Amino acid sequence: MEPVATTFFFYLLSGLAILSGVLVITRKNPVHSALALILTLLCLAGLYLMLYAPFVAGVQIILYVGGIMVLFLFVIMLVNLERSQKEKQFNQQWVPGILAAVALGALFVTIYIKGGALFVRPEIRFPEAENTQQVGQMLYSNYMFPFEIASLLLLVAIIGAVVMAKKKI
Amino acid sequence: MPDFITNYLDKNVHVTPGEYGSPFWALVYILVVFGGVSMAVVCMNWLERKILAHMQIRLGPMRVGPHGLLQPIADAIKLILKEDIIPEGADRFVFWIAPMIILLAVFSVYTVVPFGPTHAITDMNIGILFMLGVSSLGVLGIVMAGWASNSHYPLIGALRSSAQMVSYEVAMGLAVISAVLMTSLNAEGTGTLSMIGIVHAQYAQHVWFIFKFFPLGLIAFFIFAVAMVAETNRAPFDLPEAESELTAGFHTEYSGLRWSLFMLGEYAAMIAVSSIAITLWLGGWMRPFPNLLSGPTWDLAFSFFPALTFFGLAGMTFYSTMRMPRHSFFRVQTIGLGAFGAVFALIGLILLLPGVNGRIQDIYWFIFKIAVFMYLYIWYRGTFPRYRFDQLMKVGWKILLPMGIGVLMLTGIVALRTELWDFMHEALRRLVHV
């Protein structure tokens, strides 16, 4: 089926993502920040869906929202919120902040103006219905080596976590 | 009638309304499914209390209506009328939104539940992934509810139940992957994650995945069946609300309507995970032996099942009506019970109509399988003693997870046995020649 109201949903999702992204840094309560971050990640999943990448969207929800953010909330709930609320939220480094913002803004503007020529306009090579299958094919044929390296890295991380957590093995 | 209504009713349309792109019919399906699930939760409420009572040789609810049939309605009215308490110092916004998130997560799952080849709201390429992902959002609601209550018991309870859900999700995912792996055993060699595609794969391979590669499919199903009970926080894994040993978990501070939202979410989640199990291992909407006992005669024979079920229910109700005490106090109740049986009989008659009969077959078998699972849930609760928390974690991480990995690897090996054999053969040959 043809997508409906794509522009509307694009602006809705990206607007929500930006809004909740701002909330992440302005909220004083870390739990509220984490909840806003979850909303941002969900909006990103929606944007992936609009890019005909349902698999990426599903994995985004499972890993980031269902896994990582739940652990984040776990940790935040266990720390002492009273102290963090009394601390200053922003440090007063205006000059580096403004410089970084200007640089990033310049980058965005450049890409907005010249981006059409810099990047090849993507065409949808795989219909949405085969996206997952294509991702699987790619991962296990062309990109087999990087994929295995990444899983090795994760294994190392798991072992490292166990070693750090256990005093005696 | 306008085009947007009639388009989808074309006889040549064999897809779900979501795929066809008909917002009107998608909305109708959404309303029907959500209404049906809410109704099922109400029925489950009564059935659970009644069946559990009979298992424990009690009567269960008997006062409100004949055999307590109106008890769920009385409960609902009570919950709505109760005072809605928000504790002092609670985070009001998070407290308010937590039950909503749980409900939203659970009900979103139903978008891809296939009640039939065309009877689903939509079919997604990532169907099963979507179901697992969205249902894992429920953990967020639990954590938020526990934290926002600003009280110790809910916080500890939330940590307890979210740790439980996160751990069992892993074993659950491994079991699901081994079933998805089985879908790829066709000529093209590509599997599918779509819920409807998985059922079609079982039809094409002439076997429910629970019996595929016996006993591998059965073990995967077993892992899922255990993890599914833990995921929905039901007995024997109902630590979040272990009413006899611990203070109720994350919803200690909730009351009235908000508390009932948690209950609605729990029962709806039970139906949702059961439907995952049915779709992956028990042939989804297919009737028993669709390949072996095929042909018009068998089709006709199996098409009587829906009506017979309702006639059976009607018969049971009429029998109970006969046994009601013959006293003027009970006259209204007896008439009510008789009318209830008459409604069952009427539904049975409607299901016999030729036009209706052919269309509800898939839905009937799917719901029949869900009903079996719901009975199992109640049966577990009546049978098994509750696990202790360390035992629960041990079962999840040290038994189910290794079992899941083992089954996944074995399934892969068995599925690719010819290729693997050829590969070994080739490797040995080269080794010898060098």
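Where is the place of B:P236 in chain B?

1. This is a predicted model, and the opening question has a plain answer: B:P236 sits in the loop between α10 and α11 of chain B. The peptide bond that leads into this proline, from B:A235 to B:P236, is cis, with omega near 0°. A second cis bond joins B:F214 to B:P215, with omega near 5°, and B:P215 belongs to the loop between α9 (195-204) and α10 (216-231) of chain B. For background, most peptide bonds are trans, and most residues other than glycine have a negative phi.

2. Two backbone angles also deserve a look when checking the model. A:Y52, although not a glycine, has a positive phi of about 60°, and its place is in the loop between α2 and α3 of chain A. Because A:Y52 has 18 C-beta neighbours inside 10 Å, it counts as partly exposed. In chain B, B:F289 is likewise a residue other than glycine with a positive phi, near 50°, and it is found in the loop between α11 and α12 (296-303); with 12 C-beta neighbours inside 10 Å, B:F289 counts as exposed.

3. Chain A contains seven helices and zero strands, so that its pattern, read along the sequence, is α-α-α-α-α-α-α. Of the 169 residues in chain A, 15% are buried. Among the contacts in this chain between residues at least 6 apart in sequence, 58% join residues at least 24 apart.

4. Within chain A, the helices α2(A) and α3(A) pack at an angle of about 175°, and their axes are 9 Å apart. Because angles over 145 degrees count as roughly antiparallel, α2(A) is described as roughly antiparallel to α3(A). The residues making this contact include A:L37, A:L41 and A:Y48 of α2(A), together with A:I61, A:V65 and A:F72 of α3(A). By type, the residues of the contact divide into 22 nonpolar, one polar and no charged.

5. Where chain A meets chain B, the contact takes 19 residues from chain A and 22 residues from chain B. On the chain A side, α2 (30-50), α3 (54-78) and α6 (131-140) each supply at least two residues, and α3(A) gives the most, with ten residues. The residues on this side of chain A divide into twelve nonpolar, five polar and two charged.

6. The largest nonpolar core has 121 residues, and those with the most contacts inside it are B:A175, B:F224, B:A227, B:A272 and B:A277. Helix α11 (residues 256-281) of chain B gives the most to this core, with 14 residues. Leaving aside residues up to four places away in sequence, B:A175 touches B:A220, B:I223, B:F224, B:A227 and B:G404.

7. Helix α17 (residues 417-433) of chain B offers a simple check of geometry: at 1.5 Å a residue, its 17 residues should span 24 Å, and its end C-alpha atoms are indeed 24 Å apart, which agrees. The number of buried residues among the 17 of α17(B) is zero, so this helix lies largely in the open.

8. Finally, B:F318 is part of helix α13 (residues 305-322) of chain B. With 17 other C-beta atoms within 10 Å, B:F318 is partly exposed. B:F318 and B:L337 are 19 residues apart in sequence, and their C-alpha atoms are 7.7 Å apart in space.

Notes
Residues numbered from 1 in each chain as written. Chains lettered and ligands numbered in written order. Predicted model: local features only at pLDDT ≥ 70, side-chain atom pairs only at ≥ 80, totals over all residues. Contact = placed C-beta atoms within 7 Å. Helix = DSSP H or I, 4+ residues; strand = E, 2+ residues; numbered from the N terminus. Nonpolar A, V, L, I, M, F, W, Y, C, P; charged D, E, K, R; others polar. Core = buried A, V, L, I, M, F, W, Y, C linked by C-beta atoms within 7 Å. Buried ≥ 20, exposed ≤ 12 C-beta atoms within 10 Å, placed from the backbone. Expected span 1.5 Å × (residues − 1). Axes fitted to C-alpha atoms, helices over the stretch in contact; angles between N-to-C directions. Parallel < 35°, antiparallel > 145°, perpendicular 65-115°, else oblique.
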